[in-house]
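Trainee: I'm new to this one. Could you walk me through how to read it?

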Amino acid sequence: MGFSSDPRARFNLEQVSILLLEETPLGMSILVQVMNGFGARKLHRCDSVAKAESVARETELDLLIVDAMASGGGYDFVHWLRNSGIRPNCYAPVLLTAAHTPAAAVTNARDCGAHIVMAKPLTPKAVLDRIVWVARTGRRFVESDKFVGPDRRFKEAGVPEKVGVGRRREDAVPGKG
């Protein structure tokens, strides 16, 4: 998306290609109004997972805002996207919205590969804050046998003091022990 790391920087969503997956007409209307308010014009409105998959196959996307859906279809779509190998879309930031966000829903969103979960009702400020946060944090992308998505670790604590204490090989500090 090409955002500056300068907190005073301005950004323009006019040319950003955004997929909106929301099955309810009211929810879609709210998302469209919010995104239009930010200047976004390239909105791909999808009211079903099948339509979203079709758009993801045919259109290069910069951002996806996906509702979890009562059926759980939103989680399934994000998991499909991350594992699809459709470049660059499989790496695009995904903001997952949900009407209910108990710990299990947040865990499910994290595990399917979403960048962040936003609880409904959405406010324009909350949506913009999340878009800017995702654009500026630039979390590494992880691809393994069991997970594809942004690095799930949020802490910027650095590497562990002792070799072998971390959960990943690259956490080991050479020459310490």
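**Reading the model**

Mentor: Happy to. Let's start with one contact: the side chains of Arg82 and His115 are joined by a polar contact of 3.3 Å. Keep in mind that this is a predicted model.

Trainee: Where does Arg82 sit, then? And is Arg82 buried or exposed?

Mentor: Arg82 belongs to helix H3, residues 73-84. Arg82 is buried, yet has no salt bridge. The nearest side chain of opposite charge is Glu143, 9.8 Å away.

Trainee: Next, helices. Which residues of helix H4 are buried?

Mentor: First the general idea: an α-helix has 3.6 residues a turn, so residues three or four places apart point the same way. Now the case here: in H4, residues 103-112, Ala105, Ala109 and Cys112 are buried. They sit on the same side of H4, because they cover an arc of only 75 degrees around the axis. The face turned away from that buried side carries the exposed residues Ala103 and Ala104.

Trainee: What do the buried residues of H4 pack against?

Mentor: Against H3 and three strands: S4 (94-98), S5 (116-119) and S7 (148-150). Just after H4, Gly113 takes a positive phi of about 110 degrees.

Trainee: And the largest nonpolar core: which residues touch the most other members?

Mentor: In soluble globular proteins, nonpolar side chains tend to be buried together. Here the largest core has 23 residues, and Leu19, Leu21, Leu64 and Phe77 touch the most other members. H3 gives the most to this core, with four residues. A second, separate core of 20 residues includes Val16, Met35, Ile116 and Leu122.

Conventions
Residues numbered from 1 in each chain as written. Predicted model: local features only at pLDDT ≥ 70, side-chain atom pairs only at ≥ 80, totals over all residues. Heavy atoms only, no water. Helix = DSSP H or I, 4+ residues; strand = E, 2+ residues; numbered from the N terminus. Buried < 20%, exposed > 50% of the residue type's maximum accessible area, 1.4 Å probe, protein only. Lys, Arg positive; Asp, Glu negative; His and termini not counted. Salt bridge = Lys/Arg side-chain N within 4 Å of Asp/Glu carboxyl O. Polar contact = N/O pair within 3.5 Å; in protein donor to acceptor, adjacent residues only side chain to side chain. Arc of directions from axis to C-beta. Contact = heavy atoms within 4.5 Å. Core = buried A, V, L, I, M, F, W, Y, C linked by side-chain atoms within 4.5 Å.
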